[in-house]
Amino acid sequence: MDAGSRYNTSSRRPFSDHKLQRISSRENLDRFIPNRSAMDFDFAQYMLMGGKVEKENQAPCSPSREAYRKQLAEIFNMNRTRILAFKNKPPPSVHTTCQNSLSPLHQSKPNNKRRRYIPQSSERTLDAPDLQDDFYLNLLDWGSNNIFAIALGNSVYLWDYTNSSTSEIVATDDDNGPVTSIKWAPDGRHLAIGLNNSHVQMWDSSANRKLRTLKDVHGSRVGSLDWNSQILTTGGMDSMIINNDVRIRSHVVGSYRGHSGEVCGLKWSASGQQLASGGNDNLLHIWDSSRASTNSATEWLHRLVDHTAAVKALSWCPFQCNVLASGGGAGDRCIKFWNTVTGACLNSVNTGSQVCCLLWNRHERELLSSHGFDHNQLTLWKYPSMVKITELVGHTSRVLFMAQSPDGCTVASAAADETLRLWNVFGTPELAKTAPKTKTEPFVNFARIR
Amino acid sequence: MASRTVAKDIITLRGSAAIVSEFFGYAANSILYNRGVYPEESFAKVKKYGLPMLLTQDEGVKSFIANLTAQLSEWLEAGQLQRVVLVIMSKATNEVLERWNFSIETDSEVVEKGVSKEKSDKEIMREIQAIMRQIASSITYLPCLDEPCVFDVLAYTDKDVAVPFTWIESDPKLIANPQMVKLHSFDTKIHKVDTLVSYKNDEWDEQ
């Protein structure tokens, strides 16, 4: 069962399915075949001839003829009802339009969506010794190259999902402390590694070579990282958020000040316009990318104070570009949804357990959350109803980190029980054949229409 | 249904129009849900007619149906509505797959003279409940809609009705050689509503 090759074959599907579609629906043929029973020939005849007949027969019009004509008019015209419809048609279901973009597949397997089977046990379980049991770190990421990186102690390990090969990048030693955050660049080749000693390292994963070290960015450990194309945004324990352009020598190009505690969650929106940051000060900030500057950067777009514990779990909705999901820590236990344009809280759900991580399903309107005490489960929610679809248990300690495969189907979760589990929770790769490999939004068209 | 206040069993034209147009709203929601025109998760459950009914939460659909029922009740009060048809069409080809036909007979005496009739609320609700149950169970015999669909609503009115600004005249969107199933009807003593669903013959049966 090689997921990578399966993914490749399914992306070739459109050619084979094109034929299938033509055979199955004959109505699609482009020849116009008039449908007689749906036409009203008598009425059409009357409407065509009516006026002419009237004029010709004006002189010798007998009363009986007149009566007949009247009756005819009554039957065909006066008695006819008016058929009205709204000018504005009801909006087509967004769901079905998504289906439509996958249409060749869905016409052959129409019911697959409803009956998606979610395996209750993990597909694989891997050991993750020395994984830091620290809620405020970000130690797992899955790159667009289908390799996921996990930081175990002072090292970063790479695990290739396509062929299960592993490699190790020795990042640091005990003096510089353990790795506190990792993040793949969008190109899937470069890996950013944040360290306990406030340094940030850039690695080339294909050459297994360190490219540069960004020093003097933060005053203490770097617990969160995210990329916005060439910009690496780092969040530190010193409550600072810094934008680094990794291509230039003086790499600090902007900063955001507003937190008063460790920044533990950082996520750029898919458009790269907005940055969400969560901190140990229970604050959630939304920043505008254009407003970052080295001089005055205390100006946030929104300062959201509704969470009552540290905000680490952040995830931008892939199908509604202005919706952000955020989860609070042990004292809060809520998942909240935000409209990041207005700053309005759209929904809040108490999950009953600390929310360590959130991931959206890119193929369905679903959200996956990972939790701590007391079930250490992953919960799959339907959005926006927030009905629990399923709970995946297996971890024996809090599930600190999650990452999603590039095809959006498989989720890796790492927990304080020092295991890494792979779950097939978001569907099978065959179904999700249009999953984009790059970071582009899959539903970007719809977002624009709205 | 504010006007049914005096005594339980008296029904006015206004009250009847409200009952009937509300019925259309719920029936349309139920059809859209049961026939899968919109995804399951876009509906929320409410209690109505002694049954769990599903209402769409999609803002676009919601406002479409709200506008529809508002206009329908206006026509019902004037006794000008003869029929309402909910049409389900293929999104790709616009081929009509199903027509849900609600014929309305209005007691003209009530409209002209403004008299009221007697029928208990309970009885009407029971009749509507039976129709709703039939709509929900229709999925057992209606052919599977295995492609993305859209819907539209047609209103058959008297010829002398002025076309409201937001409406246009439409063709009847008939189905050639359809299969038909008649469902229950209900009667408020002022408006009598007959329900009938016609659908495209399943081609597989003939081959």
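**View 1. A hairpin built from strands β9 and β10 of chain A.** In this predicted model, β9(A) and β10(A) form a hairpin, and four residues sit between the two strands. Look in the turn for Asn208(A), which has a positive phi of about 50°. Strand β9 covers residues 200-204 of chain A, and strand β10 covers residues 209-214. In which sense do these two strands pair? They pair in the antiparallel sense, over five bridges. One bridge to find for yourself links Asp204(A) with its partner Arg209(A) in β10(A).

**View 2. The WD repeats listed for chain A.** An unreviewed UniProt entry lists "repeat: WD" for residues 172-213, 256-297 and 392-425 of chain A. Let us pick out residues 392-425 of chain A: the C-alpha atoms at the two ends of this span lie 9 Å apart. The span is 50% strand and 0% helix.

**View 3. Chain A as the setting for these close-ups.** Chain A has 29 strands and seven helices. Of its 450 residues, 43% count as buried. Among contacts in chain A between residues at least 6 apart in sequence, 48% join residues at least 24 apart.

**View 4. Confidence along chain B.** The pLDDT of chain B averages 86, and 93% of the residues score at least 70. Where in chain B is confidence lowest, and where is it highest? It is lowest in helix α5 (residues 203-206) of chain B, with a mean of 48, and highest in helix α1 (residues 13-34) of chain B, at 92. Over residues 1-6 of chain B, the pLDDT is below 50. Beyond near neighbours in sequence, that stretch has nine contacts in the model. The model scores ipTM 0.77 and pTM 0.52.

Terms used
Residues are numbered from 1 along each chain as its sequence is written. Chains are lettered from A and ligands numbered from 1 in the order in which they are written. This is a predicted model: local features need pLDDT of at least 70, side-chain atom pairs count only at pLDDT 80 or more; totals for chains, interfaces and linings use all residues. pLDDT is the predictor's confidence in each residue, from 0 to 100. Two residues are in contact if their C-beta atoms, placed from the backbone, lie within 7 Å. A residue is buried if 20 or more other C-beta atoms lie within 10 Å of its own, exposed if 12 or fewer, and partly exposed in between; C-beta atoms are placed from the backbone. UniProt positions are given in the numbering used here, feature names are shortened, and annotations may be inferred rather than shown by experiment. Two strands pair if DSSP finds at least two bridges between them.
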